[in-house]
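Work through these exercises with the structure open. Each task is followed by a solution in steps.

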Amino acid sequence: MLYLRQGHSLDMASEIHMPGPICLIENIEGKLVVNQEALEILSAITQPLVVVAIVGLYRTGKSYLMNKLAGQNEGFSVGSTVQSHTKGIWMWCVPHPEEPNHTLVLLDTEGLGDVEKGDQNNDTQIFALAILLSSTFVYNTMNKIDQRALDLLHYVIELSNQLRTVSPPDLDGVEDAADAVSFCPDLVWTLRDFYLSLEADGRHITADDYLENSLKLKEDTDENHQNFNLPRHCIQTFFARKKCFVFDSPTHWKKLAHLPTLHNDELDPDFVQQVADFCSYIFHHSKAKTLSGGIKVNGPRLESLVLTYVNAISSGNLPCMENAVLALAQIKNSAAVQKAIAHYDQQMAQKVQLPTENLQELLDLHRTCEKEAIEIFINNSFKDVDQNFQKELETLLEAKQDDFRKQNLEASSDRCSALLQDIFGPLEEYVKQGVYSKPGGHRLFIQKREELKAKYYEEPRKGIQAEEALQNYLQSKESVSDAILYTDLVFTAKEKERKEAYLKAEAEARRLEEIQRQNQQMMEERERQHQEQLRQMEIHRAQQLAQEQMAWEH
């Protein structure tokens with residue numbers, strides 16, 4: 001079978017010539033093996049690729065839709081019995097009917113749930129590969145959207161994330177390829193033999209409305225609702241763009257065996273229109289597969305993706321899939337713990353200002369953030385048996401509380417040390433300058449120290465080390481206080497001696513002055529007495545003269 005024109009690469013869509021599909025990834029006794037012939041075809045395609053992959057239960061008409069996308073009635077194997085026809089992943093590269101210079105790569109997958117296969121591990125591997133390789137992922141289910149289909153899609157999304165993480169492909173030197181691969185395709189959910197009425201609250205709704213309603217979350221935090229919400233939240237987050245198509249039964253069940261050969265006028269008209277609408281949407285809205293930075297995936301890059309992911313699966317890098325619930329719980333609960341811790345760290349960083357005024361303030365903030373973190377864990381956890389992951393979270397939160405207490409102590413000590421230096425620094429400088437080296441200096445020093453202590457107590461947000469830091473500081477300066485007191489006593493004793501000498505000298509001076517005053521008074525008294533005697537003598541002489549005069553006159 002020739003796929004390329006000899007001597008030419010696939011630069012133009014018209015040069016692609018694949019008359020039929022080829023097996024890209026073979027499923028040989030439960031092991032996935034890449035088909036080298038298919039890789040050679042990919043390696044020659046230089047055009048951007050629009051990769052459409054379809055996954056669903058076996059015998060649900062997946063291959064029929066893929067043949068229609070290829071513009072053919074036959075190609076991918078369409079079986080009419082209960083035996084699954086498609087094994088592994090088959091590839092058909094055709095010119096894109098609407099996008100010039102693009103190649104449409106159709107990937108049809110082995111049906112899920114084949115009872116003959118036995119190993120259901122294989123199903124999820126093929127499912128995950130289809131998600132990782134495609135730019136549009138078609139999820140083909142029967143009748144309606146139910147919890148089982150949602151759980152399966154959710155689980156495989158988680159495995160796809162895990163596989164992408166453990167096997168970053170080396171694509172033409174793209175840095176950090178684990179983050180580079182734009183692995184999230186668009187979701188197209190196809191519902192076959194849909195029998196429900198598209199109605200809600202008494203009004204007509206579209207198929208897209210039906211899908212959106214099926215993915216709505218329940219608001220409360222009841223554990224059953226958490227399990228209900230988990231897959232829906234994951235699907236909403238993983239697939240940025242979602243589309244839904246419903247299909248009526250194509251024809252009477254007895255004619256389904258001949259479905260590929262039936263003409264449109266032999267099929268249900270609604271089904272024919274529904275298939276046409278589906279194909280039109282894929283042709284007009286499916287995007288080219290890209291890497292980060294807008295690098296479009298061509299054949300060689302898709303080849304590299306295929307080899308990388310299949311090798312990762314073969315090497316056992318995917319988590320054990322024998323117990324899907326256990327593996328999913330491990331993934332989701334570990335992520336839930338990390339999300340809760342991240343929330344706790346963020347909230348504590350926003351709310352806590354170290355140092356806190358007291359320990360209770362810190363403990364109250366911790367309890368608030370701890371409660372929020374546990375609620376986030378509960379809302380995002382999945383079947384946490386025996387609450388092992390919640391206990392792990394609580395242990396981590398307890399360790400973080402201890403760490404915050406240590407940080408709080410250190411912050412309080414640092415804050416108080418800085419305050420003490422700022423407040424008492426000038427006092428220390430005065431001591432060095434000898435301001436208090438004088439009589440009464442110790443009293444002045446104590447008075448100033450008490451004023452500064454009051455100022456220290458007034459400062460806010462010193463934390464739980466406030467009193468201890470102050471007492472340690474004062475104790476460290478006790479020798480300074482003692483030295484000032486000693487100096488004060490020495491200077492006071494000398495001052496006392498000086499005063500006593502002064503008082504003694506002053507008393508002596510007053511005594512001498514008193515003696516001098518008394519002597520002066522005695523001298524003055526003697527002078528007064530002398531003058532009195534003289535006056536008496538004068539009087540007596542005057543009297544004698546008067547008597548003598550009278551005697552002469554007589």
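**Exercise 1. A bridge partner**

Which residue in strand 4 is the bridge partner of isoleucine 25?

Solution. The model is a predicted one, so keep that in mind throughout.
Step 1. Find the two strands. Strand 1 covers residues 22-28 and strand 4 covers residues 89-95.
Step 2. Read the pairing. These two strands run in the antiparallel sense and share 3 bridges.
Step 3. Name the partner. Isoleucine 25 is bridged to isoleucine 89 in strand 4.

**Exercise 2. The sheet**

Give the strand order of the open sheet of 8 strands and name its edge strands.

Solution.
Step 1. Write the order: 2-1-4-5-3-6-7-10. The pairing is mixed.
Step 2. Look at the edges. Strand 2 (31-34) and strand 10 (242-246) each pair on one side only.
Step 3. Add the twist. From one strand to the next, the average is 20°.

**Exercise 3. Helices on the sheet**

Which strands do helix 6 and helix 8 meet, and at what angles do these helices run?

Solution.
Step 1. Take helix 6, residues 207-214. Helix 6 packs on the sheet and touches strand 7 (186-192) and strand 10.
Step 2. Read its angle. The direction of helix 6 makes about 120° with that of strand 10.
Step 3. Take helix 8, residues 269-285. Helix 8 lies across strand 3 (49-56), strand 5 (103-109), strand 6 (136-142), strand 7 and strand 10.
Step 4. Read its angle too. Helix 8 runs at about 170° to strand 7.

**Exercise 4. Aromatic pairs**

Count the aromatic pairs, then classify phenylalanine 127 with phenylalanine 137, and phenylalanine 245 with tyrosine 281.

Solution.
Step 1. Know what to read. A ring pair is described by the distance of the centres and the angle of the planes.
Step 2. Count. There are 17 aromatic pairs.
Step 3. Classify the first example. The ring centres of phenylalanine 127 and phenylalanine 137 are 5.6 Å apart and the planes meet at 25°, so this pair is stacked. The cut-off for stacked is under 30 degrees.
Step 4. Place it. Phenylalanine 127 sits in helix 3 (residues 121-133) and phenylalanine 137 in strand 6, 10 residues apart. Both residues are buried.
Step 5. Classify the second example. The centres of phenylalanine 245 and tyrosine 281 also lie 5.6 Å apart, but the planes are at 65°, so this pair is edge-to-face.
Step 6. Place it. Phenylalanine 245 belongs to strand 10 and tyrosine 281 to helix 8, so the pair ties together parts 36 residues apart in sequence.
Step 7. Check burial. Phenylalanine 245 has 10% relative accessibility, and tyrosine 281 has 13%. Buried means under 20%, so both count as buried.
Step 8. Widen the view. Ring pairs link Tyr64, Phe245, Phe247, Phe271, Phe278 and Tyr281 into a cluster.

**Exercise 5. Salt bridges**

How many salt bridges are counted, and which parts does the pair of glutamate 372 and lysine 351 tie together?

Solution.
Step 1. Count. The total is 16 salt bridges.
Step 2. Check the distance. The closest N and O atoms of glutamate 372 and lysine 351 are 3.5 Å apart. The limit is within 4 Å, so the pair qualifies.
Step 3. Locate the ends. Glutamate 372 is in helix 11 (residues 359-380) and lysine 351 in helix 10 (residues 324-351), so the bridge ties together parts 21 residues apart in sequence.
Step 4. Check exposure. Glutamate 372 is partly exposed at 25%, and lysine 351 is partly exposed at 35%.
Step 5. Turn to a bridge inside one helix. Arginine 367 and aspartate 364 come to 3.4 Å at their closest N and O atoms. Both lie in helix 11, 3 residues apart, about one turn of the helix.
Step 6. Try helix 15 (residues 478-553). Glutamate 538 and arginine 541 lie there, 3 residues apart, and their side chains meet at 3.2 Å, N to O.
Step 7. Find a network. Salt bridges link Asp186, Arg241 and Lys287.

**Exercise 6. Cysteines**

How many disulfides does the structure hold?

Solution.
Step 1. Recall the term. A disulfide is a covalent bond between the sulfur atoms of two cysteines.
Step 2. Count. The structure holds 0 disulfides.
Step 3. Look at two cysteines. Cysteine 279 is buried, with a relative accessible area of 8%. Cysteine 369 is buried as well, at 0%.

Methods. Residues numbered from 1 in each chain as written. Predicted model: local features only at pLDDT ≥ 70, side-chain atom pairs only at ≥ 80, totals over all residues. Heavy atoms only, no water. Helix = DSSP H or I, 4+ residues; strand = E, 2+ residues; numbered from the N terminus. Buried < 20%, exposed > 50% of the residue type's maximum accessible area, 1.4 Å probe, protein only. Disulfide = S-S within 2.5 Å. Pairing = 2+ DSSP bridges. Axes fitted to C-alpha atoms, helices over the stretch in contact; angles between N-to-C directions. Contact = heavy atoms within 4.5 Å. Phe/Tyr/Trp six-rings, centres within 6.5 Å; stacked < 30°, edge-to-face > 60°.
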